[in-house]
Amino acid sequence: MIDSIIKNEFVIKYFILLFMWIEFLWELYLSYRQYHVVLITKEVPKKLKGVLSQDTFKKAKDYSVAKLEFSFIKDIFGIVFSTLIIYYDVLAIFWDYSLQINSSEAGEVSTSCIWILILSVLTTIIDLPFTIYYTFVLEEKFGFNKQTVGFFVWDKIKAFIVSQCLTLMISSIVIVIIKNGGDYFFVWLWAAVCTISLILMTVYPAVIAPMFDKYTPLPEGELRTQIEDLATQLKFPLTELYVVEGSKRSAHSNAYFYGFFKHKRIVLYDTLLKKEDGTGCDNDEILGILSHELGHWSFNHVLKNLVVIQVNLFLLFAVFSTMFKSPKIYQVAGFYKSQPVLIGLYVVLMYIMTPYNALLSFLSTCMSRRFEFQADDFAVQLKRGAPLQSALIQLNKDNLSFPVYDNWYSAYNHSHPPILERLAVIEENMKKAK
Ligand SMILES: [Zn+2]
């Protein structure tokens with residue numbers, strides 16, 4: 001189809017580059033707006049006066065400036081790098097290397113796996129200076145880095161091995177299905193990927209996550225009893241309650257639940273618990289946060305997200321099926337002699353769909369923000385609005401989040417509404433609920 005519309009693969013190539021740069025410049029502009037807001041905001045916002053000291057506020061400001069400057073440099077590097085990859089047909093060059101290594105004529109699956117490995121090793125190495133700087137310079141400076149060099153190295157090696165095993169396994173299945181699935185291969189492809197993602201969602205928290213962090217059951221005591229009571233009150237099928245030792249990694253805090261059907265587990269970061277230095281939340285505040293999390297459960301937000309992701313995946317595969325036989329798709333990436341299906345999939349999903357992906361990501365950010373407000377309101381209905389508010393303030397303080405945002409930047413980037421907006425809406429809902 002594409003062949004009859006566009007005669008020259010370079011036209012497609014330049015369009016892809018154009019869209020990539022438009023998206024990049026747009027995001028750069030938004031980040032610049034936020035950068036400006038951070039720089040000109042000199043006073044603690046009215047709502048946080050008395051809870052956020054001028055000193056903490058100043059530190060949050062410096063932290064935010066440092067992070068924004070870091071991402072300016074990283075993003076500029078990223079777009080130049082991606083442009084060079086497309087412009088100089090780097091993917092095709094590495095494909096030729098993979099073919100040479102794979103002398104056994106064993107076929108497309110093994111060549112694709114070698115190609116993925118080469119690219120993963122290279123991108124990991126190129127990314128490493130940024131990760132090291134972010135962890136050991138930036139986060140370190142503001143007291144958030146808790147990783148030792150040994151932990152960092154071992155963590156990265158483990159992560160690389162696990163992610164490569166999964167990527168190679170999934171890619172092999174994908175290639176086999178595309179090549180042997182017949183005219184309606186995209187239906188099989190979708191069914192397979194959907195099944196694999198459901199399996200991974202089950203296996204990840206139970207098998208993979210414990211390889212990286214230590215999970216211990218929350219000890220018996222007041223907090224545990226209170227959480228269990230809350231679960232019983234809401235008929236939440238709580239089977240296990242863990243504390244994860246996130247403090248080995250970083251001082252940022254969080255809580256979440258996971259699990260299918262009747263086997264739900266709640267995980268609290270140890271950084272969330274009250275500590276002697278005054279960081280962390282008290283029991284009431286933790287229950288406020290968990291009420292919010294259970295709001296996500298009560299409104300079926302996880303399932304709704306999953307449906308959106310799966311419908312989107314089906315659409316993407318269907319679009320791919322209409323394009324993947326066109327030689328132009330492969331020529332865009334410099335493949336003139338062969339048409340490996342994995343390359344076709346990559347070009348269609350990552351390059352051609354760039355505008356669609358950007359739009360979809362914006363819409364899902366909007367949806368996620370809606371879900372956050374619903375979950376906050378759920379906590380309000382449970383009469384836990386006030387502790388949730390003070391928990392949000394405490395976490396904002398502990399994480400040194402800068403509380404003031406540019407509206408456009410926030411609308412485009414934040415899956416969670418900014419703290420001041422959340423506090424105001426909770427306040428309003430609490431008045432209504434009275
Ligand atoms: Zn939430």
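**Exercise 1. Which residue in β2 is the bridge partner of Thr216?** Then place that pair of residues in the sheet.

*Solution.* Keep in mind that we're working with a predicted model.
- Start with the pair itself: Thr216 has Val243 of β2 as its bridge partner.
- Now zoom out to the strands. β1 and β2 (residues 238-244) run antiparallel and share 3 bridges.
- Zoom out again: the open sheet has 4 strands, ordered β1-β2-β4-β3, with mixed pairing.
- Look at the borders. β1 (215-217) and β3 (255-258) each have a single partner strand, so one side of each lacks a neighbour in the sheet.
- Going from one strand to the next, the twist averages 30°.

**Exercise 2. Work out how β2 pairs with β4, and find the helix that lies across these strands.**

*Solution.*
- Check the sense of pairing: β2 and β4 are parallel, with 6 bridges.
- Pick a spot along this pairing: Leu241 sits opposite Ile266 of β4.
- Then add the helix. α8 (residues 222-234) lies across β1, β2 and β4 (264-269). Relative to β2, α8 runs at about 140°.

**Exercise 3. Test whether the length of α5 fits its residue count, then look for irregularities.**

*Solution.*
- Helix α5 covers residues 108-141, which is 34 residues.
- At 1.5 Å a residue, α5 should span 50 Å; the end C-alpha atoms are 47 Å apart, so the two values agree.
- Now follow the axis: α5 bends by about 40° at Leu128. A proline, Pro129, follows within four residues.
- Finally, step off the end. Just after α5, Gly143 has a positive phi of about 80°.

**Exercise 4. Describe how α3 and α5 pack, and classify the residues in their contact.**

*Solution.*
- Two numbers do the job here, because a packed helix pair is described by the angle between the axes and the distance between them.
- For α3 (residues 54-87) and α5, the angle is about 175° and the axes are 12 Å apart.
- Angles over 145 degrees count as roughly antiparallel, so α3 is roughly antiparallel to α5.
- Next, list who touches whom. α3 brings Tyr63, Ala66, Lys67, Phe70, Lys74, Phe77 and Phe81. From α5 come Ile126, Asp127, Phe130, Tyr133, Tyr134, Leu138 and Glu139.
- Sort them by class: the contact of α3 with α5 has 10 nonpolar, 4 charged and no polar residues.

Key
Residues are numbered from 1 along each chain as its sequence is written. This is a predicted model: local features need pLDDT of at least 70, side-chain atom pairs count only at pLDDT 80 or more; totals for chains, interfaces and linings use all residues. Side-chain values use heavy atoms; hydrogens and water are left out. Helices (H or I, at least four residues) and strands (E, at least two) are DSSP runs, numbered from the N terminus. The expected span of a helix is 1.5 Å times one less than its number of residues. The bend at a residue is the angle between axes fitted to the seven residues ending there and the seven starting there. Axes are lines fitted to C-alpha atoms, for helices over the stretch in contact, and angles run from 0 to 180 degrees between N-to-C directions. Angles under 35 degrees count as roughly parallel, over 145 as roughly antiparallel, 65 to 115 as roughly perpendicular and the rest as oblique. Contact means heavy atoms within 4.5 Å. Ala, Val, Leu, Ile, Met, Phe, Trp, Tyr, Cys and Pro count as nonpolar, Asp, Glu, Lys and Arg as charged, and the others, Gly among them, as polar. Two strands pair if DSSP finds at least two bridges between them.
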